[in-house]
Amino acid sequence: MRRIGNLLLLLCAGIALGTLSLTLVYLLPAAPMQAHMRACIDSYVAEGDNPFVMEGYKGSSLDNYTDAIMLANAVYASEAPAWQAAMRVERWEKDGEQNQEALREYLTEGSSDRVSGYARYWHGYLMLLKPLLLVFNYPQIRMLNGIVMLVLTGLLFRGFRKRRMKRSMIAMLLALMSLFPAALPFSLQFSTAFYTGMTACLVVLYQYEAIEERDVWCGFFFLTGMLTSFFDFLTYPLFTFGMPIVLCLTLKRPGRREGLFFLTKAGAAWCAGYAGMWAGKWTVGSLLGGVNIWKDAVYTVGVRASSSAYEEHVSRILAVLRNFYIYFNPYGMLLWAILAVWVGAYLWRRRKEGWDSHTMLMLAIACLPILWYLAAANHSYVHYWYSFRNLAVSVFAAGMITETHSGRQ
């Protein structure tokens, strides 16, 4: 009970801190942000909603459609008090879901068709995006995004090297390649889950002994779920749980029963943090924003978990297959072939020993994205062209079967 109480205190603190931080960034002047976006808006609109970084490869598609929403939220000059504006998250919108054009009209003409709110999400990315737009334009932010991603990845591989986990480097490299990484720096939409998941991995690699000694893994995964809910726009959130739990169990090396219990407990903590933080926005936003967010949010969650899309019934199995479809091309098939040959050869060499508990746990984690797609069939079917990145968890977990060294220091 004491631990549950501590988690509830952590949740309340997170909700309060999230509300305060967003309120503070809404105090920043919008005019410099608008000026920086105005300087690059024409070239941005010319890209279109979903250009490909790698022509013909759907997995390399950018999401300028959603980035335009994020940018419009950031530059909108609200007349409401900062605390209310931070909860409503309003922007100018244009008929026909022309988000880029609505942003251009607002920047050049001062308005578009109507003002619309997007209150059911925290939009925690605004904590960083608003200050960045005071200094940089969108192409410069993209460049900075790529640099930071490379630095984080470098730190991750440094951690593997320090722990002498050579096979983990290969597993992580394959997982990163499965994300179609060339697209990530160019879409803010795809960056939030990446940063949250990679940061969680860094904490596990560099602070494993400290967390293990204090036995605060539930708190760690609870907080990771909260941060995912705060920053992410419902892209590939399972990435933020799956990647660090693979590392954690690899370092921990528990028995099969103990490992399954730990996996279940950590997963429950992550889900509780994710759902609790999201519900916190609906509650605080409804109280401070003056709008009933709960009604819209509950309806949307129901839709995303349903098996209907485009007013038609969609098989949940089809939602799963559609995400795998992203890899039905030379790039994807080569990636999965390398993984299959590498892991298959490892298991063949150890066939007389049988599958140990570590192998079984990694295979269990590798199945988690499929369970996610089955549960969130609508979202997984409609947005398969970026929700497929949850499968990076499967790639990483399968690759980590080969890691025989726990890496404990």
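User: How are helix 12 and helix 21 oriented relative to each other?
Analyst: In this predicted model, helix 12 and helix 21 (helices being DSSP runs of H or I with at least four residues, numbered from the N terminus) run roughly parallel to each other, a label for angles under 35 degrees.

User: What angle and axis distance is that for helix 12 and helix 21?
Analyst: Helix 12, which covers residues 239-252, packs against helix 21, residues 392-399, at an angle of about 5 degrees, and their axes lie 9 Å apart. Axes are lines fitted to C-alpha atoms over the stretch in contact, and angles run from 0 to 180 degrees between N-to-C directions.

User: Which residues in helix 12 and helix 21 meet?
Analyst: From helix 12 come Phe239, Gly242, Met243, Val246 and Leu247, and these meet Ala392, Val393, Phe396 and Ala397 of helix 21, where contact means heavy atoms within 4.5 Å.

User: Switching topic, where does Asn99 lie, and is Asn99 buried or exposed?
Analyst: Asn99 belongs to helix 6, which spans residues 99-109, and Asn99 counts as buried because its relative accessibility is 5%, the cut-off being under 20% with a 1.4 Å probe and protein chains only.

User: And what does Asn99 touch?
Analyst: Leaving aside residues up to four places away in sequence, Asn99 touches Tyr65, Ala68, Ile69 and Arg91.

User: What about numbering and confidence?
Analyst: Residues are numbered from 1 along each chain as its sequence is written, and side-chain values use heavy atoms, with hydrogens and water left out. Since the model is predicted, local features need pLDDT of at least 70 and side-chain atom pairs count only at pLDDT 80 or more, while totals for chains, interfaces and linings use all residues.

Key:
Helices (H or I, at least four residues) and strands (E, at least two) are DSSP runs, numbered from the N terminus. Buried means under 20% relative accessible area, exposed over 50%, partly exposed in between (1.4 Å probe, protein chains only). Angles under 35 degrees count as roughly parallel, over 145 as roughly antiparallel, 65 to 115 as roughly perpendicular and the rest as oblique.
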